[in-house]
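Dear colleague,

I am passing on to you the structure that I have been going through. Please have it open beside this message as you read.

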Number of protein chains: 2
Amino acid sequence: MPLAPWRSPLARALHRNRALVYARYLQLATVRSDGRPANRTVVFRGFWGETNQLQFVTDARSEKAAQIESSIAGELCWYFPKTREQFRIAGTLTLVRHSSSDLNLLQARQSAWQALSEGARSQFTWPDPGKPRATQAEFELSPPATDIPLPQFCLLLLDPNWVDHLELRGEPQNRWQYQRQDGNWSMQPVNP
Amino acid sequence: MPLAPWRSPLARALHRNRALVYARYLQLATVRSDGRPANRTVVFRGFWGETNQLQFVTDARSEKAAQIESSIAGELCWYFPKTREQFRIAGTLTLVRHSSSDLNLLQARQSAWQALSEGARSQFTWPDPGKPRATQAEFELSPPATDIPLPQFCLLLLDPNWVDHLELRGEPQNRWQYQRQDGNWSMQPVNP
């Protein structure tokens, strides 16, 4: 699969902002089962292999896992502070659970687990996220195995079909929209 | 109206991150008319008077204005890089257009216009946002009057009913949820 045309400006932004650890933090919007939006910070975990799909990790017990089951549409908003530019990336979400029957996806899930730090893996042993606060002891289980993901560990993929790139620098600002149709990407400069 | 209990930790985060201009940038999720989420960076413009409503500005010609007409639910995601904490703020949106019949809201809209920099006000003279790129000359109109907002200028208010505050610092992390019911706020420590 060829790289989508927005991959090059996004790679440049990632490179130029690489000194900021939070340049890999971005916001994922989903829709709740009652139709209201939800929005939270997620950590970019790279692209899945040779595809244009962005990788994240999440917990099967989190609200967003349930939201994605009922509505697969997602939109990312990614602001890069140093270069003052924003990427909005809309697409469809795939939640890869331990029960997935797709061997390629299961392999990607395992690789994502192994790529996590021990601290990040340990968070999946914590008590149910969003539930009333548990005791300190319940947060102090031993770190999980490196090779086999815990059942609640999920890989989350976003397959983009629309990207909006805004550069705040520039007078006036620059903005481009990328659209995927029948597998092909087109690009249009638009007004900021 | 008394300050909501999440106002104090939010004020502290704003203060501790005040050296970063982008600590006032946050992400607003809304829902499109087809049910998919939308997500973009907005600039926090303070609270409206003595209320707990957050103020933003937007252009009546933008997509988000149309989205808010069809669905008033919004969720903000606000990440503070220096103190490594996140506020998720869900509530209902009010778009204050020039045609509003509420005199208090019209006054707030006028104050928001006057508080903008000349550069920010000038952006409202630019050609239709999101439309195919106009010529350079179309971006070079003279700056609008300071005292009377352009018709396309809108004040946007978010009236919160749910706030989720996560501190990444801490082992384990700290997280609190605030909920408004019948006008009263309650608070619950929850698992991160």
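Below is what was found, beginning with the interface and then turning to one residue.

Please keep in mind that this is a predicted model. Chain A and chain B bury about 4,000 Å² between them, and 52% of that area lies on carbon and sulfur atoms. On the side of chain A, A:Asn39, A:Arg133 and A:Asn191 together supply 18% of the area that this chain buries against chain B, which is more than any other three residues. The contact draws 48 residues from chain A and 48 residues from chain B.

As for polar links, the rule finds 2 salt bridges across the interface of chain A and chain B, and one of them joins B:Glu75 to A:Arg32, with the closest N and O atoms 2.5 Å apart. Across this interface there are also 24 residue pairs in polar contact. Several strands of chain A, among them β1 (25–31), β2 (37–43) and β4 (73–80), each supply at least two residues of the side that touches chain B, and by class that side has 23 nonpolar, 15 polar and 10 charged residues.

The residue I would point you to is B:Thr30, which lies in strand β1 (residues 25–31) of chain B. B:Thr30 counts as buried because its relative accessible area is 0%, where the cut-off is under 20%. Its side chain forms a polar contact of 2.7 Å with the side chain of B:Gln67. Leaving aside neighbours within four places in sequence, B:Thr30 is in contact with residues including A:Pro37, B:Arg40, B:Ile68 and B:Leu93.

With best wishes

Key: Residues numbered from 1 in each chain as written. Chains lettered and ligands numbered in written order. Predicted model: local features only at pLDDT ≥ 70, side-chain atom pairs only at ≥ 80, totals over all residues. Heavy atoms only, no water. Contact = heavy atoms within 4.5 Å. Buried area = accessible area lost by both parts, 1.4 Å probe. Salt bridge = Lys/Arg side-chain N within 4 Å of Asp/Glu carboxyl O. Polar contact = N/O pair within 3.5 Å; in protein donor to acceptor, adjacent residues only side chain to side chain. Helix = DSSP H or I, 4+ residues; strand = E, 2+ residues; numbered from the N terminus. Nonpolar A, V, L, I, M, F, W, Y, C, P; charged D, E, K, R; others polar. Buried < 20%, exposed > 50% of the residue type's maximum accessible area, 1.4 Å probe, protein only.
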